[in-house]
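Biologist: Please take one part of this model and look at it closely, going from its backbone to the side chains and then to its surroundings. I would like the criteria behind each term to be stated as you go.

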Amino acid sequence: MKTAIYPGSFDPITKGHLDVLHTGCEIFDKVIIAVAKNSEKKGFLTIDERVELIRETIKDLPNAEVDCFEGLTIEYAKKRGAQILLRGLRAVSDFEYEMQLSQANSALASEIKTVFLITKPKYNFISSSTIKEIFLNGGDVSKFVPEAVNQYLIKCNKL
Ligand code: ADP
């Protein structure tokens with residue numbers, strides 16, 4: 001049984017994240033999207049909001065689940081019995097940070113391997129911070145985020 005943890009801020013989850021998740025679900029037996037509670041980034045949505053929106057978005061993916069965690073990702077992975085950390089790569093700009101992170105994790109727990117997936121070109125430019133910027137300036141983000149996220153942002157008037 002191959003279990004992967006897909007850790008991140010997911011503030012909010014985007015179609016780019018979802019593309020990586022779908023491919024991960026084809027490769028691994030189970031993928032756990034894990035919302036990190038200890039991110040240094042200032043939150044736009046609360047952890048509970050992010051988790052609920054992910055839950056709604058993945059409800060038709062039988063081998064995906066959502067959770068949140070605090071502390072080191074590798075400790076959480078061990079606790080969940082996962083062997084893999086799943087991360088997405090967009091541009092070269094992601095590479096250096098992601099390489100450093102995966103090597104640090106590997107130095108801490110060499111039995112847990114990081115696997116990188118590259119998103120479809122149409123999702124390449126999407127980041128949660130770009131979505132926030134567009135939304136907070138009154139733009140339409142429906143093409144970039146799952147429907148549940150789009151509806152929630154409009155309904156909750158997060159402006
Ligand atoms: P973090 O704060 O850990 O970077 P994010 O939610 O921003 O959390 O991203 C989580 C993971 O998803 C990271 O590996 C990131 O590179 C990846 N990711 C984010 N957006 C995309 C996208 N559009 N396509 C592919 N991977 C993405």
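Modeller: What follows is an account of the sheet, its strands, and the parts that pack on it or are tied to it.

This is a predicted model, in which local features need pLDDT of at least 70 and side-chain atom pairs count only at pLDDT 80 or more, while totals for chains, interfaces and linings use all residues. Residues are numbered from 1 along each chain as its sequence is written, and side-chain values use heavy atoms, with hydrogens and water left out.

The sheet is open and has five strands in the order β3-β2-β1-β4-β5, with parallel pairing (strands are DSSP runs of E with at least two residues, helices are runs of H or I with at least four, and both are numbered from the N terminus; two strands pair if DSSP finds at least two bridges between them). The edges are taken by β3 (64–69) and β5 (113–118), and because each has a single partner strand, one side of each is left without a neighbour in the sheet. From one strand to the next the twist averages 30 degrees, where axes are lines fitted to C-alpha atoms, for helices over the stretch in contact, and angles run from 0 to 180 degrees between N-to-C directions.

Strand β1 is joined to β2 by six bridges, the two running parallel, and T3 has K30 as its bridge partner in β2. Towards β4 (residues 84–89), two bridges join β1 (residues 3–8) to its parallel neighbour, with I5 standing opposite L85. In a regular strand the side chains alternate between the two faces of the sheet. In β1, T3, I5 and P7 point one way and A4, Y6 and G8 the other, and all are buried, where buried means under 20% relative accessible area, exposed over 50%, and partly exposed in between, with a 1.4 Å probe and protein chains only.

The loop between β1 and α1 (15–27) holds P12, which a cis peptide bond with omega of about 5 degrees joins to D11. F10 lies in this loop too; although not a glycine, F10 has a positive phi of about 50 degrees, and its relative accessibility of 2% makes it count as buried.

Across β2 (30–36) and β3 lies helix α2 (residues 47–57), running at about 155 degrees to β2. Its buried residues, I47, E49, R50, V51, L53 and I54, pack against β2, β3 and α6 (147–155), contact meaning heavy atoms within 4.5 Å.

Charged side chains also involve the sheet. R87 forms a salt bridge with E98, the closest N and O atoms being 2.8 Å apart (a salt bridge is a side-chain nitrogen of Lys or Arg within 4 Å of a carboxyl oxygen of Asp or Glu). Because R87 lies in strand β4 and E98 in helix α4, the pair ties together parts that are 11 residues apart in sequence, and both R87 and E98 are buried. K30, the partner of T3 in β2, belongs to a network of salt bridges that links it with E65, D67 and R80. A search of the whole structure finds 11 salt bridges.
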